[in-house]
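Please open the model in a viewer and follow the selections below in order.

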Amino acid sequence: MMKDELIRRFESRQAHVAVIGLGYVGLPLALTFAQAGYHVTGIDISAARVAQLNRGRSYIEDISDAEMAPYVLGEPVAAGAAAPAPATGTQGVAAATPRGSFRATTDYGVLAECDGASICVPTPLNKTGDPDMSFILAAGEQIARHLHPGTAIVLESTTYPGTTTEVLLPMLQAGSNGQKLVVGQDFFLAFSPERVDPGRTDWVTRNTPKVIGGVTPACLEVVSAFYGQAIATLVPVSSSDTAEMVKLFENTFRAVNIALANELLLMCDKLNLDAWEVIQAAATKPFGFMKFTPGPGLGGHCIPIDPHYLSWKLRALEYNARFIQLASEINTEMPRYWAQVVQDALNEQGKAIKGSRILILGVAYKKNVSDLRESPALDIMHLLEVKGAQVEYHDPHIPSFEHEGMRCTAVTDLDQALAAADCVVIVTDHAFYNWDQIKAAARLLVDTRHVVRQA
Ligand code: SAJ
């Protein structure tokens, strides 16, 4: 029986599995599978990334070369051959030979030998703010070309409810060379949302509970065997649509509550109250409250993006997801609010913003990461420049960046930049900064993160 044989291959950890998309989700997942004992092949469209990984070099901050070393195989493993002893450990001595192994390739053909494959490709928004499904479609086409009976396929990319059954399933059922495949019998398909939080070390791929929704009960059974050997806690749900909705609800919950904290700031401004003091005191409630704080706006590649996959799907069903819309309006308004705060603060000192020198501290979308995606710092810098300010930035994690064709380079001498600035704006509260020193050095300080001790 196909299903039982496949489950046995996972449970005995003899399975050869693929991870498609080796980014901040895929690479940790691939190594988690290798640590569990699977023979893992990572598939990526970037030959440079593939070559780098096969040299045992990681480009993901959460994964060190040392962690990879015991598993990395530089040479392609012939079909059916036992994986050769992995490369030696970083100390140059033969590492304990774990049963698992990892190598990377750009060739989807390896899927012909795989028992399972996880899809971890990006799901951004396109220019009109609609879901960009191109990465899922490209992966689906490649998988369909090489899909063989006895394979488990798991979609991890955050997407709208219905993607697995409406988009991926038809592509895979069509199979290759006209051979129709039956889901739940020939192949097994599920959705399992990623829950990777870059930079976090307490909750990682192996110990973060993993939601899994199968297209059929047999799919859930097989994918639970696939993931259960590598991930400590599985959370089975009734369908792939449910699993897709769980992820979107998790991140919509954050976007809406962050927006509420931001609106609290706007309301406290009108009432001349300190929003952070209000939140701090509210957070003493031991039940029925969860703390979120105002900030410069909503950054990152998850929280600002994911809710729009949900509202887009609901619009097609003629329902207006009002909380998502309102949260997005409030969160995207925050850079304009802070640019006005800067202008008013300079005005209080009798200075026009036009021609003023402004130093932005931190441009990453959140503290202690080097990720700029959707960072509100970019909007704040732009708005200040439009008002005529001369804007510089410092960020210990981002020495330079390119944005809309413009290259920006961080100031290197922080002390000199602090002394020269008419106004210093704290946008990202990296642990690197000494806030007392900054408060002492800044002629004028606008703190969007409320990290500088008052008085
Ligand atoms: N932010 C606020 N106020 C808050 C919390 C966050 O303004 O109270 C801002 C942050 O500065 C950032 C944006 O919102 O610009 C998003 O922050 P985030 O803490 O949600 O960080 P992310 O985008 O890295 O979210 C990830 C998510 N992980 C996954 O999607 C798998 C999210 O679900 C996690 O809950 C979050 O990390 C986390 O808890 O750190």
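Select the ligand and the residues near it (a heavy atom within 4 Å): of the 19 residues around the ligand, Asp197, Lys247, Arg254, Thr293 and Tyr365 come nearest. The model is predicted, with local features requiring pLDDT of at least 70 and side-chain atom pairs pLDDT 80 or more, while totals for chains, interfaces and linings use all residues. Residues are numbered from 1 along each chain as its sequence is written, and side-chain values use heavy atoms, without hydrogens or water.

Next, colour this shell by residue class: 7 are nonpolar, 4 polar and 8 charged. Here Ala, Val, Leu, Ile, Met, Phe, Trp, Tyr, Cys and Pro count as nonpolar, Asp, Glu, Lys and Arg as charged, and the others, including Gly, as polar.

Now display the polar contacts (pairs of N or O atoms within 3.5 Å). A polar side-chain atom of Arg254 lies 2.7 Å from a ligand oxygen atom. At Lys366, a polar side-chain atom is 2.9 Å from an oxygen atom of the ligand, and at Gly299 a backbone N or O atom is 2.9 Å from a ligand oxygen atom. The ligand taken alone exposes 730 Å², of which the protein buries 87%; these accessible areas come from the Shrake-Rupley method with a 1.4 Å probe.

Finally, colour the chain by domain: domain 1 (2-238) and domain 2 (254-447), with bounds from an automatic or database assignment. Their centres, taken over C-alpha atoms, are 36 Å apart. Select the contact between them (heavy atoms within 4.5 Å): 18 residues come from domain 1 and 15 residues from domain 2. Returning to the ligand, its shell draws at least three residues from each of domain 1 and domain 2.

Conventions
Polar contact = N/O pair within 3.5 Å; in protein donor to acceptor, adjacent residues only side chain to side chain.
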